[in-house]
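This report introduces a protein structure to a reader who has not met it before. The sequence and the three-dimensional model are shown first.

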Amino acid sequence: MSSALISLSNLGFAWPGQAELLDIPSFTLQRGETLFLKGPSGSGKTTLLGLLGGVQQARRGSIRLLDQELGALSAGARDHFRVDHTGYIFQQFNLLPFLSVRENVELPCHFSRLRASRAAQRHGSVDAAAATLLGHLGLTAELLGRRADSLSIGQQQRVAAARALIGQPELVIADEPTSALDADAREAFLQLLFAECREAGASLLFVSHDQSLARLFDRSLALAELNRAATPAEV
Ligand SMILES: Nc1ncnc2c1ncn2[C@@H]1O[C@H](COP(=O)(O)OP(=O)(O)OP(=O)(O)O)[C@@H](O)[C@H]1O
Ligand SMILES: [Mg+2]
């Protein structure tokens with residue numbers, strides 16, 4: 001297996017009826033690497049993350065995750081592959097409001113036998129994995145039974161992070177997860193996220209507008225540096 005976790009070549013993508021948004025000759029993310037990706041609003045960051053996670057399909061080119069060509073998989077197999085190997089912290093967290101904190105964190109283990117077995121192997125059970133992760137992220141056990149929509153934004157963010165991390169996916173994608181936090185809380189959250197990714201050997205691809213966080217990562221990149229379809233204003 002190669003040391004690249006993601007390798008992308010000659011990627012092209014356009015939303016229906018729109019001009020080409022992404023034209024990326026090549027991009028690689030190494031195993032265990034932490035990467036900060038920035039770019040102005042509307043430049044295509046979330047779209048790129050969707051392509052890497054197999055949510056959207058590229059119009060042309062190749063995206064390989066763990067040496068698997070995503071375009072070669074059927075839609076169902078791609079979904080399965082995604083949940084097995086990718087933890088996703090969405091821009092809006094996307095917790096299921098009517099489920100408890102525990103149920104939200106454990107969700108990936110319902111869809112992925114691989115993640116359920118990794119969580120159980122490491123912590124004894126999926127329940128124990130959820131409680132331990134939340135503890136590491138600074139949430140107390142008494143929150144486990146609470147409905148997700150009864151939590152503060154900062155607490156919801158930690159639940160979203162625990163859900164992304166449970167069962168040790170090789171890739172953790174975080175789309176602007178800190179925008180609702182103040183500067184101190186942002187950095188503290190990031191340090192927790194780094195520690196968990198390091199322990200699991202996961203790579204972290206982190207999107208943010210907040211340039212001050214870039215110094216904390218192995219590598220920092222502007223999307224416009226990769227993207228030949230970037231408008232002059234983005235470069
Ligand atoms: N589901 C969609 N259908 C059609 N167009 C879309 C869709 N999602 C995004 N776009 C368009 O693609 C472009 C890039 O959007 P994207 O969400 O990837 O930007 P972004 O860099 O993540 O912005 P932000 O920093 O505001 O989150 C925008 O012009 C947007 O209107
Ligand atoms: Mg976005």
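The following paragraphs treat the sheet, the helices that pack on it, the nonpolar cores and the surroundings of the ligand. The model is a predicted one.

**The sheet**

An open sheet is formed by five strands, which follow one another in the order β6-β7-β8-β3-β9 with parallel pairing. At its edges stand β6 (86–89) and β9 (219–222), each of which pairs on one side only. From one strand to the next, the twist averages 15°. In general, the strands of a sheet pair through backbone hydrogen bonds, in either a parallel or an antiparallel manner.

The edge strand β6 is joined in the parallel sense to β7 (residues 171–175), and four bridges link the two. One of the residues involved is T86, whose bridge partner in β7 is L171.

**Helices on the sheet**

Helix α2, made up of residues 75–85, packs on the sheet and touches β6 and β7. The direction of α2 makes about 80° with that of β6. Helix α6 (residues 153–165) also lies across β6 and β7, and runs at about 170° to β6.

**The nonpolar cores**

The largest nonpolar core comprises 42 residues. Within this core, the residues with the most contacts are I166, L193, L204, F206 and F217. Several elements supply at least two residues each: α3 (101–111), α4 (113–123), α5 (126–136), α6, β7, α7 (183–200) and β8 (203–207). The largest share, six residues, is that of α6.

What does I166 touch, once its neighbours within four places in sequence are left aside? The residues in contact with I166 are V105, E106, P108, C109, R115, A119, V126, A129, A130 and L133.

There is also a second core, separate from the one just described, which has 30 residues. Among its members are I24, L29, L51 and L226.

**The surroundings of ligand 1**

Around ligand 1 there are 13 residues, of which S41, G42, K45, T46 and T47 come nearest. The table lists three side chains, with the distance from a polar side-chain atom of each to an atom of the ligand.

| Residue | Atom of ligand 1 | Distance |
|---|---|---|
| Q18 | nitrogen | 3.0 Å |
| T46 | oxygen | 2.9 Å |
| T47 | oxygen | 2.6 Å |

T46 and T47 thus appear both in the table and among the residues that come nearest to ligand 1.

Methods
Residues are numbered from 1 along each chain as its sequence is written. Chains are lettered from A and ligands numbered from 1 in the order in which they are written. This is a predicted model: local features need pLDDT of at least 70, side-chain atom pairs count only at pLDDT 80 or more; totals for chains, interfaces and linings use all residues. Side-chain values use heavy atoms; hydrogens and water are left out. Two strands pair if DSSP finds at least two bridges between them. Axes are lines fitted to C-alpha atoms, for helices over the stretch in contact, and angles run from 0 to 180 degrees between N-to-C directions. Contact means heavy atoms within 4.5 Å. A nonpolar core is a set of buried Ala, Val, Leu, Ile, Met, Phe, Trp, Tyr and Cys residues joined through side-chain atoms within 4.5 Å. Buried means under 20% relative accessible area, exposed over 50%, partly exposed in between (1.4 Å probe, protein chains only). A residue is near a molecule or strand if one of its heavy atoms lies within 4 Å of it. A polar contact is a pair of N or O atoms within 3.5 Å; within protein, one must be able to donate a hydrogen and the other to accept it, and residues adjacent in sequence count only if both atoms are side-chain atoms.
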